[in-house]
Amino acid sequence: MTSMIDAVAQSGNVTAAFMILDEMRARNLTINDVAWGCAIAACKNARDAQAAMLLFEHLLKAGVSPTIVTWAALIGAQLGRPLHRVLQVAEQLSANMTRLGIQQNSLYYEEYVGAILAIKFSDCHLSERASVAGVDAERRHEAKRALADAKLQGIRMSRLLRKLDKILESAVM
């Protein structure tokens, strides 16, 4: 049934993801970290941060340890939210990850920087500075700060993150 959740996650069908989780519970099937992560990814793809956080709370109550993919989907679900809220949630997630011994990685930072900039990277091409030209200066500044933090942590920067770093460095603030 996890593959069914993954399939509906791709389209951001949160209702279907919830229904499948409910069906798994009704059948007394184990809902593992992958199933929870797929359901949270559905919320990310639907840009439904509230549903993502609700599912995350249920995941923790079920005693399931979230993977880095789940953490990345949680921060990615913040895309489109006010900057102060993105930063607040990121701070909370970071503290919880540290407490649980989970190391942030490039996947997490790709989602985090995307949420900061309010850009879904799969929907754009970063070949030009134009992709961030319409983003306000405060969001660009926070994105640069997040990338600097990733470097300080020794995160292996993905091609996307390196490209973003270069674009943001050359962008007029």
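The following exchange goes through helix packing, aromatic pairs and one lysine in a predicted model.

Visitor: What are the ground rules for this model?
Guide: The model is predicted: local features need pLDDT of at least 70, side-chain atom pairs count only at pLDDT 80 or more, and totals for chains, interfaces and linings use all residues. Residues are numbered from 1 along each chain as its sequence is written, and side-chain values use heavy atoms, with hydrogens and water left out.

Visitor: What makes Phe56 and Trp71 an edge-to-face pair?
Guide: Their ring centres are 4.9 Å apart and the planes meet at 65°. Rings of Phe, Tyr and Trp (its six-membered ring) pair if their centres lie within 6.5 Å; planes under 30 degrees apart are stacked, over 60 edge-to-face, and the rest tilted. So 65° counts as edge-to-face.

Visitor: Why is this pair said to tie parts together?
Guide: Phe56 lies in helix 4 (residues 49–61) and Trp71 in helix 5 (residues 68–76), so the pair ties together parts 15 residues apart in sequence. Helices are DSSP runs (H or I, at least four residues), numbered from the N terminus. Both Phe56 and Trp71 are buried (under 20% relative accessible area, 1.4 Å probe, protein chains only).

Visitor: Why are helix 2 and helix 4 called roughly parallel?
Guide: Helix 2 (residues 14–26) packs against helix 4 at about 15°, with the axes 12 Å apart. Axes are lines fitted to C-alpha atoms over the stretch in contact, and angles run from 0 to 180 degrees between N-to-C directions. Angles under 35 degrees count as roughly parallel, over 145 as roughly antiparallel, 65 to 115 as roughly perpendicular and the rest as oblique. Helix 2 and helix 4 are therefore roughly parallel.

Visitor: Which residues of helix 2 and helix 4 meet?
Guide: Val14, Phe18 and Leu21 in helix 2 meet Ala51, Leu54 and Leu55 in helix 4. Contact means heavy atoms within 4.5 Å.

Visitor: Why are helix 3 and helix 4 roughly antiparallel?
Guide: The axes of helix 3 (residues 33–46) and helix 4 cross at roughly 165° and come within 8 Å. Helix 3 and helix 4 are therefore roughly antiparallel.

Visitor: Which residues of helix 3 meet helix 4?
Guide: Trp36, Ala39, Ile40 and Cys43 do.

Visitor: Why is Lys144 called partly exposed?
Guide: Lys144 has a relative accessible area of 22%. Partly exposed falls between the buried limit and exposed, which is over 50%, so Lys144 qualifies. Lys144 sits in helix 9 (residues 137–152). Lys144 and Val113 are 31 residues apart in sequence and 8.6 Å apart in space, C-alpha to C-alpha.

Definitions and conventions. Helices (H or I, at least four residues) and strands (E, at least two) are DSSP runs, numbered from the N terminus.
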